[in-house]
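Please open the model in your viewer and keep the sequence panel visible beside it. Each stop below names what to select and then states what is found there.

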Amino acid sequence: MKVTGIIAEYNPFHNGHKYHLEEARRITDADYVIAVISGNFVQRGMPAAADKYIRAEACLKNGADLVLELPLFYSVGSAEYFAAGAVALLDRLGAVTSLCFGSECNDISRLSSVASLLLREPEEYRARLSEALKAGHSFPKARSLALESCLAAADYPPGLFSSPNNILGIEYIKSLLRRGSSVLPYTVRRKGSGYHERTLSAGHSLSSASAIRNCLMNSGRLSDIRPYVPASSYSLLKNAYHRSFPVCSDDFSSLLHYKLLSEASAGFCRYFDVSPDLSDKICRNLFCFTGYEQFCGLLKSRNFTYSGISRSLLHILLNLTREQMEEYVQNDYVCYARMLGFRRDAAPLLKKLKTHGNIPMISGLAAARRTLSPIGLAMLGQDIQAAHIYQSVVSSKFHTPFVNEYVRQLIVLD
């Protein structure tokens with residue numbers, strides 16, 4: 001049985017994602033495709049525009065056989081932790097034979113050579129990285145400069161060391177190498193507009209998720225995004241429009257400001273990815289807070305990227321501490337595989353996962369208490385709490401009933 005894993009956010013699910021799913025199945029000759037997706041909060045340090053159930057169903061309707069939720073700590077972590085958590089989840093399922101990701105580079109050998117260097121961290125690389133950091137560059141820029149110095153940059157395409165999907169792809173491969181995993185990496189060239197492009201493309205139907213979200217937040221017309229998402233995805237978004245979707249960072253401004261005000265006297269260093277310098281900067285600027293996104297922009301500097309700040313603030317809001325992350329990493333990152341949905345004809349895949357994996361498959365929250373270890377229950381509890389925080393904002397924004405995570409049903413498609 002050939003099983004391909006995909007790691008994604010689908011925020012929201014668009015035509016480029018459908019293309020990736022189709023190509024992943026084709027180039028790996030997969031019998032089944034498993035998608036590991038972020039929950040209600042994503043790697044940029046923001047809430048998902050549409051909840052995980054909408055995104056999971058769109059994924060199943062467009063090529064995936066099984067959708068699993070990436071635990072919260074990794075879905076809102078830096079590229080390194082995002083990749084490490086997701087790769088650990090796929091690897092521990094015991095049945096995944098390949099991992100296929102999108103990249104700007106589309107050259108698995110070059111991406112692998114960079115991943116290998118980063119894993120080894122030779123003395124030359126560490127020295128170059130230190131020099132770039134001392135020169136005042138942000139860590140992403142410093143790492144890119146160090147890689148260019150250590151590798152024959154002329155033999156590598158522009159943007160290899162800095163393009164978003166390349167960076168994630170390198171981290172996926174690095175995680176596979178570190179684990180000594182038998183899962184083989186494949187890549188599909190990213191098509192259409194750039195990852196950070198914020199305007200919809202007029203020339204083709206492949207626009208970035210950023211552009212789609214930006215359009216929704218600015219124009220307020222759902223019909224504007226119709227050419228850029230599959231019909232099934234559009235139907236799901238239409239049904240949820242102004243009921244639970246769209247959601248943005250600023251919807252969480254009051255919750256975040258309260259949290260920051262209530263804990264400012266103690267500082268924020270206990271939270272994951274919050275340095276003493278950033279904690280001090282948050283405290284100094286706390287009374288200039290007018291909104292989530294405004295505060296990220298206010299704190300942004302040469303040393304603190306916007307995305308890094310947004311993630312750190314989300315870690316504070318969701319009570320994600322440094323100590324907890326260290327404990328999870330020591331226990332091989334993930335403690336369970338939580339199912340969001342599957343296709344009925346994937347029954348042979350589910351059977352194999354239950355017999356070959358070394359982590360429990362969670363299909364219902366009630367049963368989790370009987371199968372998970374204390375650390376697994378703690379991890380799952382944070383996922384549930386985050387879902388309830390997200391749902392509380394949705395309920396308040398759209399004046400709809402609160403939906404308890406415990407009554408959510410698995411998505412099962414024929």
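Select S233 first. S233 is buried, with a relative accessible area of 2%; buried means under 20% relative accessible area, exposed over 50%, and partly exposed in between (1.4 Å probe, protein chains only). This residue lies in helix α10. Helices (H or I, at least four residues) and strands (E, at least two) are DSSP runs, numbered from the N terminus. Now display the surroundings of S233: leaving aside neighbours within four places in sequence, S233 is in contact with F13 and A58, where contact means heavy atoms within 4.5 Å.

The model is a predicted one, in which local features need pLDDT of at least 70 and side-chain atom pairs count only at pLDDT 80 or more, while totals for chains, interfaces and linings use all residues. Residues are numbered from 1 along each chain as its sequence is written, and side-chain values use heavy atoms, with hydrogens and water left out.

**Helix α10 and what follows**

Extend the selection to the whole of α10, residues 231-240; S233, Y234, L236, L237 and A240 are buried there. These residues are on the same side of α10 because they cover an arc of only 160° around the axis, the arc being that of the directions from the helix axis to the C-beta atoms. Turn the helix over: the face directed away from the buried side carries the exposed residues A231 and K238. Among the elements that cover the buried residues of α10 is α2 (52-61).

Next, select H242, which follows α10 and is placed in the loop between α10 and α11. H242 has a positive phi of about 60° although it is not a glycine. That loop also contains P246, and the peptide bond from F245 to P246 is cis, with omega near 0°.

**The loop between β1 and α1**

Move to the loop between β1 (3-8) and α1 (15-28), where P12 is placed. The peptide bond from N11 to P12 is cis, with omega near 0°. Select Y10, which is in the loop between β1 and α1 as well. Its phi is positive, about 55°, although Y10 is not a glycine. Is Y10 buried or exposed? At 1% relative accessibility, Y10 counts as buried.

**Helix α11 and the nonpolar cores**

Select α11, residues 253-263, in which S253, L256, K259, L260 and E263 are buried. Look down the axis of α11: the buried residues fall within an arc of 135°, so they line one face of the helix. The exposed residues S254 and Y258 are on the face turned away from the buried side. Add α12 (276-284), α13 (292-299) and α14 (306-317) to the view, since the buried residues of α11 pack against them.

Now centre on L260. Apart from neighbours within four places in sequence, L260 is in contact with F268, I282, L286, F289, F295, L313 and I316. L260 also belongs to the largest nonpolar core, which has 104 residues; I34, L66, L260 and L313 touch the most other members. Helix α18 (residues 374-398) gives the most to this core, with 10 residues. A nonpolar core is a set of buried Ala, Val, Leu, Ile, Met, Phe, Trp, Tyr and Cys residues joined through side-chain atoms within 4.5 Å. A second, separate core of 38 residues includes C100, L216, I225 and F245. In soluble globular proteins, nonpolar side chains tend to be buried together.

**A pair of packed helices**

Show α5 (residues 108-120) together with α8 (residues 164-179). They pack at an angle of about 65°, with their axes 8 Å apart; axes are lines fitted to C-alpha atoms, for helices over the stretch in contact, and angles run from 0 to 180 degrees between N-to-C directions. From α5, the residues that meet α8 include L111, V114 and L118, and their partners in α8 include I170, I173 and L177.

**Two further residues**

Select A211, in helix α9 (residues 209-219). A211 is buried, with a relative accessible area of 1%. A211 and T199 are 12 residues apart in sequence and 4.7 Å apart in space, C-alpha to C-alpha.

Finish at N358, in the loop between α16 (347-356) and β9 (361-362). At 52% relative accessibility, N358 counts as exposed.
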